[in-house]
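Thank you all for coming; I would like to walk you slowly through one structure, and I will explain each term as we meet it. Please have a look at the picture before I begin.

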Amino acid sequence: MAEFTLFIGNKCFSSWSLRPWVAMKQLEIPFEENFVRLRTPETAANLARVSPTGLVPVLNHNGRIVWETLAILEYLADLFPEKKLWPDDRGARALARCVATEMHSGFREVRYGWPMNLRRPKAYKPLDAEGEAQRTRIEAIWRQCREQYGPGGPFLFGHFTAADAMYAPIVTRFDTYGGELAPVTRAYVDAVLATPAMQHWYAEAAKEPWPEPGPHEQD
């Protein structure tokens, strides 16, 4: 058994699975991937064997089980400080944790109005008023991070961090549904999508043989 095993769901639409996966791939933390197909009659039983919550992602580190995306990222940051999952600068680190947590708990209307689906043809899809307000907030977050701490590279805090991993599924939604994006937003979206890790995830999502879930079965 590998030292790290990450349990994930379908790459086409499992947004929470993408977050720790892309962080570990992008930062070259070796792990074994274990797939649990979602939305089948067997899913609940299969997840119960590996996850205390019946959800993915779950990280198994030599038998130690870590669940919840932010907890997994914090755990990896403790184990691999040299990977700089959080910025070194205290102010930058505080902001990174704030925006990552805001993503973890918020933006519900954007997530449901623009469900992650990596095989959906790109086409503009308007959000309701609350969704538009949340979209504006996301773009303001990206702009603030880039302006204050991003000059050293193309990501929110220059180099790739846990904050970028947390927003990676939202990046796919902006690309799929957002239509013509503001230049700063487009530049950040393109930077994340151009990473080898994201390209790898997209390629594997494209090969999945199962149909996408219905419009109300995605996050």
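Let me start with a question: does Thr-176 count as buried or exposed? At 6% relative accessibility, Thr-176 counts as buried, where buried means under 20% relative accessible area, exposed means over 50%, and partly exposed is in between, computed with a 1.4 Å probe on protein chains only. Before going further, I should say that this is a predicted model, in which local features need pLDDT of at least 70 and side-chain atom pairs count only at pLDDT 80 or more, while totals for chains, interfaces and linings use all residues. Residues are numbered from 1 along each chain as its sequence is written, and side-chain values use heavy atoms, with hydrogens and water left out.

Thr-176 lies in helix 7, and here a helix is a DSSP run of H or I with at least four residues, a strand is a run of E with at least two, and both are numbered from the N terminus. If we leave aside its neighbours within four places in sequence, Thr-176 is in contact with Asn-117, Arg-120, Pro-121, Lys-122 and Ala-123, contact meaning heavy atoms within 4.5 Å.

Lys-122 takes us to the salt bridges, of which the structure holds ten; a salt bridge is a side-chain nitrogen of Lys or Arg within 4 Å of a carboxyl oxygen of Asp or Glu. Lys-122 forms one with Asp-175, and their closest N and O atoms are 2.9 Å apart. Lys-122 lies in the loop between helix 5 (108-113) and helix 6 (129-149), while Asp-175 is in helix 7 (residues 162-177), so the pair ties together parts that are 53 residues apart in sequence. Lys-122 counts as exposed, at 60% relative accessibility, whereas Asp-175 is buried, with a relative accessible area of 10%. These two residues also belong to a network of salt bridges that links Lys-122, Asp-175, Arg-186 and Asp-190.

A second pair sits within one helix: Glu-139 forms a salt bridge with Arg-135, with 3.3 Å between the closest N and O atoms. Why are Glu-139 and Arg-135 separated by about one helical turn? Because they are four residues apart in helix 6. Glu-139 is buried at 13% relative accessible area, and Arg-135 is buried at 10%.

Now to the sheet, where four strands form an open sheet in the order 2-1-3-4 with mixed pairing; two strands pair if DSSP finds at least two bridges between them. The edge strands, each pairing on one side only, are strand 2 (32-35) and strand 4 (64-67). Strands of a sheet pair through backbone hydrogen bonds, either parallel or antiparallel. Strand 3 (residues 58-61) pairs with strand 4 in the antiparallel sense over four bridges, and four bridges also join strand 1 to strand 3, which run antiparallel. Leu-59 is a good residue to follow, as Leu-59 stands opposite Val-66 in strand 4, and Leu-6 stands opposite Leu-59 in strand 3. Strand 3 and strand 4 form a hairpin with two residues between them, and Asn-62 in the turn has a positive phi of about 50°.

What covers strand 3 can be read from its side chains, since both faces are covered: Val-58 and Asn-60 on one side, and Leu-59 and His-61 on the other, are all buried. Helix 3 (residues 69-79) lies across strand 1, strand 3 and strand 4, running at about 125° to strand 4, where axes are lines fitted to C-alpha atoms, for helices over the stretch in contact, and angles run from 0 to 180 degrees between N-to-C directions.Finally, let us return to helix 7 and look at its partner. The axes of helix 4 (residues 90-105) and helix 7 come within 9 Å and cross at roughly 30°. In this contact, Ala-96, Val-99, Ala-100, Met-103 and His-104 of helix 4 meet Ala-163, Met-166, Tyr-167 and Ile-170 of helix 7. By class, the contact has eight nonpolar, one polar and no charged residues, where Ala, Val, Leu, Ile, Met, Phe, Trp, Tyr, Cys and Pro count as nonpolar, Asp, Glu, Lys and Arg as charged, and the others, Gly among them, as polar.
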